[in-house]
Amino acid sequence: LTRYIYLDWITIIGALIAIAILSLSVYSLYYLITRTSKECWLYVVCLMLSLPIPLLIADIINQGQSSTAPRYLIPLQLGLLIAVAFTVANQISSNQPKLWQGLISIFIIVGIYSDVRNLNTSPFYQKGRNINNPAIAQVINQNLSSLVVVEASEAMDVISLAYSLMPEIKYKVTDLQAKTNFHLNKFERVFILKPSPEFRQDLESEPNIALQQVYKSHVFSADEFPLDLWQINNNSE
């Protein structure tokens with residue numbers, strides 16, 4: 001498991017909280033279905049499944065991953081929030097109000113802590129592929145006379161990264177046939193964003209070039225696309 005998933009105490013605690021939230025959501029959905037009329041709970045269920053089910057079917061047919069993107073699951077999340085709000089409101093007015101008041105207080109505290117902790121982090125709900133942009137930009141922005149080289153197939157990633165970089169940073173879209181060693185004399189630091197194995201091999205074949213990995217993103221699962229950052233060093237100096 002540890003070969004494919006990056007585990008630390010924050011990840012473990014986050015997983016436990018996620019299980020607790022999932023348990024509350026499942027119970028709330030069950031409570032909603034058993035305590036309301038068919039017209040009410042069926043409307044909420046249809047709202048929740050209106051988008052995830054078509055995406056899941058499309059992913060099965062096309063071998064895609066659209067149904068795993070959180071931004072496409074907003075109707076599902078909205079339906080769960082309605083179910084949880086209904087359950088909590090009814091349980092607080094029942095025979096065990098203190099238990100549910102304490103439970104909601106815990107979730108509010110966890111939510112506030114999560115908001116503060118993730119205030120300056122990349123929003124995973126938008127693009128998990130570029131979640132490491134702030135950390136990569138911090139490395140590049142240390143020197144304003146820097147060049148970021150990216151292959152044409154990865155050009156979209158450097159566009160996303162550009163929003164986190166200083167305006168003085170330059171970019172270069174290249175391919176395997178182009179040579180990048182002439183840029184070493186024009187910029188103090190030359191970086192390569194997520195170079196392919198073929199591109200790295202082509203650069204390492206140059207006698208005056210040495211590659212150094214300066215940032216390696218943590219991979220949460222084996223299917224992710226980590227955006228690693230490499231620096232080109234001039235051996236002729």
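**Tyr27 is partly exposed in this view, with a relative accessible area of 34%.** Here, buried means under 20% relative accessible area, exposed means over 50%, and partly exposed is anything in between (1.4 Å probe, protein chains only). You are looking at a predicted model, where local features need pLDDT of at least 70, side-chain atom pairs count only at pLDDT 80 or more, and totals for chains, interfaces and linings use all residues. Residues are numbered from 1 along each chain as its sequence is written, and side-chain values use heavy atoms, leaving out hydrogens and water. Tyr27 shares helix 1 (residues 9-35) with Tyr31, and since the two are 4 residues apart, about one helical turn separates them. Helices (H or I, at least four residues) and strands (E, at least two) are DSSP runs, numbered from the N terminus. An α-helix has 3.6 residues a turn, so residues three or four places apart point the same way. Tyr31 has a relative accessibility of 8%, so it counts as buried.

**Ring pairs tie Tyr27, Tyr31, Phe86 and Trp100 into a cluster.** Rings of Phe, Tyr and Trp (its six-membered ring) pair up if their centres lie within 6.5 Å; planes under 30 degrees apart are called stacked, over 60 edge-to-face, and the rest tilted. That rule gives 3 aromatic pairs. In one of them, the ring centres of Tyr27 and Tyr31 sit 6.1 Å apart with their planes at 40 degrees, so this pair is tilted. Tyr31 also has a tilted pairing with Phe86, at 6.0 Å centre to centre and 50 degrees between the planes. That second pair joins distant parts of the chain, as Tyr31 belongs to helix 1 and Phe86 to helix 4 (residues 74-92), 55 residues apart. What about cover for Phe86: buried, partly exposed or exposed? With a relative accessibility of 26%, Phe86 is partly exposed.

**Helix 1 spans 39 Å from its first C-alpha to its last.** Its 27 residues come close to the 39 Å expected at 1.5 Å a residue; the expected span is 1.5 Å times one less than the number of residues. Which residues of helix 1 are buried? They are Leu24, Ser25, Ser28, Tyr31 and Leu32. These buried residues pack against helix 2 (38-49), helix 4 and helix 5 (97-117).

**Leu73 sits in the loop between helix 3 (52-62) and helix 4.** Its relative accessibility is 17%, so Leu73 counts as buried. Contact means heavy atoms within 4.5 Å. Neighbours within four places in sequence aside, Leu73 is in contact with Pro52 and Ser67. From C-alpha to C-alpha, Leu73 and Met48 are 8.2 Å apart, with their positions 25 residues apart in sequence.

**The largest nonpolar core has 15 residues.** A nonpolar core is a set of buried Ala, Val, Leu, Ile, Met, Phe, Trp, Tyr and Cys residues joined through side-chain atoms within 4.5 Å. Ile136, Ile140, Val148, Leu161, Leu165, Leu193 and Leu229 have the most contacts inside the largest core. At least two of its residues come from each of helix 6 (133-140), strand 1 (146-151), helix 7 (155-162) and strand 3 (189-193). Helix 6 gives the largest share, 4 residues. Not counting residues up to four places away in sequence, Val148 touches a string of others, including Ile140, Val158, Leu165, Phe191 and Leu193. Apart from this core lies another one, of 10 residues, among them Val190, Ile192, Phe199 and Ile232.

**Helix 6 also holds Gln138.** Gln138 has a relative accessible area of 57%, which makes this residue exposed. Gln138 and Met166 are 28 residues apart in sequence, and 9.7 Å apart from C-alpha to C-alpha.

**Strand 5 (residues 229-234) is mostly covered, with 5 of its 6 residues buried.** Two strands pair if DSSP finds at least two bridges between them. Strand 5 pairs with strand 3 in the antiparallel sense over 4 bridges, and Leu193 has Leu229 as its bridge partner there. Strand 5 also pairs with strand 4 (residues 209-215), antiparallel again, over 6 bridges. In that neighbourhood, Ile209 stands opposite Asn234 of strand 5.
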